[in-house]
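Biologist: Could you pick one part of this model and take me through it slowly, neighbour by neighbour? I'd like one connected story, not a list.

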Amino acid sequence: MCKYYAHAFVCQHTTSTFARYCTAANFTQKPCEQRQIWHTIGLDEACDECQMWFPDQYGSVLPRSSTKKSKAVAAAAAGAPPPPAAAPAMAGGAKTSGRARKRCSS
Ligand SMILES: [Zn+2]
Ligand SMILES: [Zn+2]
């Protein structure tokens, strides 16, 4: 059994990094199929994927400028559904109010 370090991220993902060969694998210099977790290293950050996909939750390590940018992107993504529906409604509202004004004056 070859030994691996396990990295435990705050997002509860774990990655394993090769640490050292067992005696059998030492001859071939190839890690064998059996993995043994030698040490589990707790990390106070999220894995790369979670930092990339969930910057609002796990992106605290990123520089402020990019956090701001990602927040804007997230806001845009969250606000994406309303605009298509809201734009026609606004146009319609403007039209009706204009029509109402015309009727009142005439
Ligand atoms: Zn081994
Ligand atoms: Zn993760």
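Modeller: A word on terms before the tour: helices (H or I, at least four residues) and strands (E, at least two) are DSSP runs, numbered from the N terminus. Keep in mind that this is a predicted model.

I'll go for the sheet, but let me place it first. The protein has 5 helices and 3 strands, and from the N terminus on they run β-β-α-β-α-α-α-α. Of its 106 residues, 6% count as buried. Among contacts with a separation of 6 or more, 49% come from residues 24 or more positions apart.

Now the sheet itself. The 3 strands make an open sheet in the order 2-1-3, with mixed pairing. Strand 2 and strand 3 are the edge strands, each pairing on one side only. Going from one strand to the next, the twist averages 30°. As a general reminder, strands of a sheet pair through backbone hydrogen bonds, either parallel or antiparallel. Here you get both: strand 1 pairs with strand 2 in the antiparallel sense over 6 bridges, while strand 1 and strand 3 are parallel, over 7 bridges.

Let's take the antiparallel side. Strand 1 and strand 2 form a hairpin with 5 residues between them. One of the bridge pairs has H7 opposite T15 in strand 2. In the loop between strand 1 (2-8) and strand 2 (14-20) sits Q12. Look at its backbone: phi is positive, about 75°, although Q12 is not a glycine. Q12 counts as exposed because it has 9 C-beta neighbours inside 10 Å, and the cut-off for exposed is 12 or fewer.

Further along strand 2 you come to S16. With 15 C-beta neighbours inside 10 Å, S16 counts as partly exposed. Its C-alpha is 5.4 Å from that of Y5, and the two residues are 11 apart in sequence. Leaving out residues up to four places away in sequence, S16 touches Y4, Y5 and A6, plus R35 and I37.

That brings us to Y5, which lies in strand 1 and is a handy place to stand and look both ways. Leaving out residues up to four places away in sequence again, Y5 touches S16, T17, A19, W38, H39 and I41. How exposed is Y5? Partly, since 15 other C-beta atoms lie within 10 Å, and a residue needs 20 or more to be called buried.

On the parallel side, Y5 stands opposite H39 in strand 3. Those two residues are 34 apart in sequence, yet their C-alpha atoms are 5.1 Å apart in space. Elsewhere in this pairing, A8 has G42 in strand 3 as its bridge partner.

To get from the hairpin to strand 3, the chain passes helix 1 (23-28), and the loop between that helix and strand 3 (35-42) holds Q29. You'll recognise the backbone habit: Q29 also has a positive phi, about 60° here, and again the residue is not a glycine. Q29 is exposed, because it has 7 other C-beta atoms within 10 Å.

What about strand 3, is it buried or in the open? Of its 8 residues, the number buried is 0, so strand 3 lies largely in the open. A good residue to check is T40, which is found in this strand. It has 12 C-beta neighbours inside 10 Å, so T40 counts as exposed, right at the limit of 12 or fewer. Setting aside neighbours within four places in sequence, T40 is in contact with A6 and A8. From T40 to Y5 the C-alpha distance is 5.9 Å, across 35 residues along the chain.

One thing to bear in mind as you turn the model: in a regular strand the side chains alternate between the two faces of the sheet. With that in mind, compare the contact sets again: T40 is in contact with A6 and A8, whereas Y5 touches residues including W38, H39 and I41.

So, to pull the picture together: the order is 2-1-3, the edges are strand 2 and strand 3, and Y5 has contacts including S16 and H39.

Methods. Residues are numbered from 1 along each chain as its sequence is written. Chains are lettered from A and ligands numbered from 1 in the order in which they are written. This is a predicted model: local features need pLDDT of at least 70, side-chain atom pairs count only at pLDDT 80 or more; totals for chains, interfaces and linings use all residues. Two residues are in contact if their C-beta atoms, placed from the backbone, lie within 7 Å. Two strands pair if DSSP finds at least two bridges between them. Axes are lines fitted to C-alpha atoms, for helices over the stretch in contact, and angles run from 0 to 180 degrees between N-to-C directions.
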